[in-house]
Amino acid sequence: MTKLITVDGPSGAGKGTMCQLMANELGWELLDSGAIYRVLGHAAYTRGIDKTDVDALVDVALKLDVRFINGQVILDGEDVTAEIRTEEGGKRASDVAPIPEVRAALLQRQRNFATDAGLVADGRDMGTVVFPDAPLKIYLTASAEARAERRYKQLTEAGVEADLTDILEKVNARDEQDMNRATAPLKPAYDAVTIDSSNMTIDQVMSEMMNLAKQRDLI
Ligand code: C5P
């Protein structure tokens, strides 16, 4: 059995946290595919490439020198973690992500993360496109309100001024963009198990995910 778990879902559903915890617990690798799209969006922005210039974007996507080291994202030897994790970074990622040629250019790079060491893959199309044969596919979701509140809490706790209504609008806008694009839209794979984390604690989600992994004989 391939040691592979895909976790897809909208932004703010808790995928990042859960995938990291799961990978730590199992001793598997983690693929944060959103970070790859964020790095590409960032690279396009800093190089002044317009989102309509598909050839230039594909060229950057194919040559992207990105490394993930201890939770840090390194682009061309430079730590870009803080820049790509902003709302603007998410928006820049969503701007380049709908382009089919860009997605195709990033496909093999993502598939290369799957090794015998085991992989938890976090994204929007991990179970539907990148790893269609994964033995366990999870669709982790939560209401837009719950996701906006989590983001609000995260920002205010970090001392950043935030406006809940504004965040909710941005959450809805990004969902809209991710769910309605023609290529690899965000949706559960037909064989995915959906977990709605709106009213669940991290521990509860973790234990449900671990149970599913056990049921599939992955651990
Ligand atoms: O998961 P994260 O919020 O970091 O992803 C940023 C954006 O990258 C998403 O809103 C989406 O537009 C895009 N993305 C994607 N496919 C993935 C992962 C992320 O299109 N597998």
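## Who lines the ligand

Three helices each put at least two residues into the shell around the ligand: helix 2 (33–46), helix 5 (87–96) and helix 9 (164–179). Helix 2 gives the most, with 4 residues. Keep in mind that this is a predicted model.

What's the make-up of that shell by class? Charged residues account for 7, with 4 nonpolar and 4 polar ones alongside. Of the 15 residues around the ligand, the ones that come nearest are Arg38, Arg103, Arg174, Asp178 and Arg181.

## Polar contacts and burial

Now for the contacts themselves. Asp178 has a polar side-chain atom 2.7 Å from an oxygen atom of the ligand. For Arg103, the distance from a polar side-chain atom to a ligand oxygen is 2.8 Å, and for Arg124 a polar side-chain atom sits 2.9 Å from an oxygen atom of the ligand.

How much of the ligand does the protein bury? On its own the ligand exposes 460 Å², and the protein buries 96% of that.

## The five-stranded sheet

Next up is the parallel sheet. It's an open one, built from 5 strands in the order 2-6-1-7-8. Strand 2 (29–32) and strand 8 (193–196) are the edge strands, each pairing on one side only. On average, neighbouring strands in this sheet are turned by 20° against each other, if you ignore direction.

At the strand 2 end, 4 bridges tie strand 2 to strand 6 (residues 119–123), and the two run parallel. Look for Leu31 here: the residue opposite in strand 6 is Ala121. Helix 2, the one that gives the most residues to the ligand shell, lies across strand 2 and strand 6 and runs at about 40° to strand 2.

## The three-stranded sheet

There's also an antiparallel sheet, again open, with 3 strands in the order 3-4-5. Why is one side of strand 3 (66–69) and of strand 5 (78–79) left without a neighbour in the sheet? Both stand at the edges and have a single partner strand each, so one side of each has no neighbour there.

Strand 3 pairs with strand 4 (residues 72–75) over 4 bridges, in the antiparallel sense. One pair to pick out is Phe68 with Val73, the latter being the bridge partner in strand 4. Helix 2 turns up here too: it packs on this sheet by touching strand 3 and strand 4, and its direction makes about 40° with that of strand 4.

Terms used
Residues numbered from 1 in each chain as written. Predicted model: local features only at pLDDT ≥ 70, side-chain atom pairs only at ≥ 80, totals over all residues. Heavy atoms only, no water. Near = heavy atom within 4 Å. Polar contact = N/O pair within 3.5 Å; in protein donor to acceptor, adjacent residues only side chain to side chain. Areas by Shrake-Rupley, 256 points an atom, 1.4 Å probe, with all protein chains shown as cover. Nonpolar A, V, L, I, M, F, W, Y, C, P; charged D, E, K, R; others polar. Pairing = 2+ DSSP bridges. Axes fitted to C-alpha atoms, helices over the stretch in contact; angles between N-to-C directions. Contact = heavy atoms within 4.5 Å.
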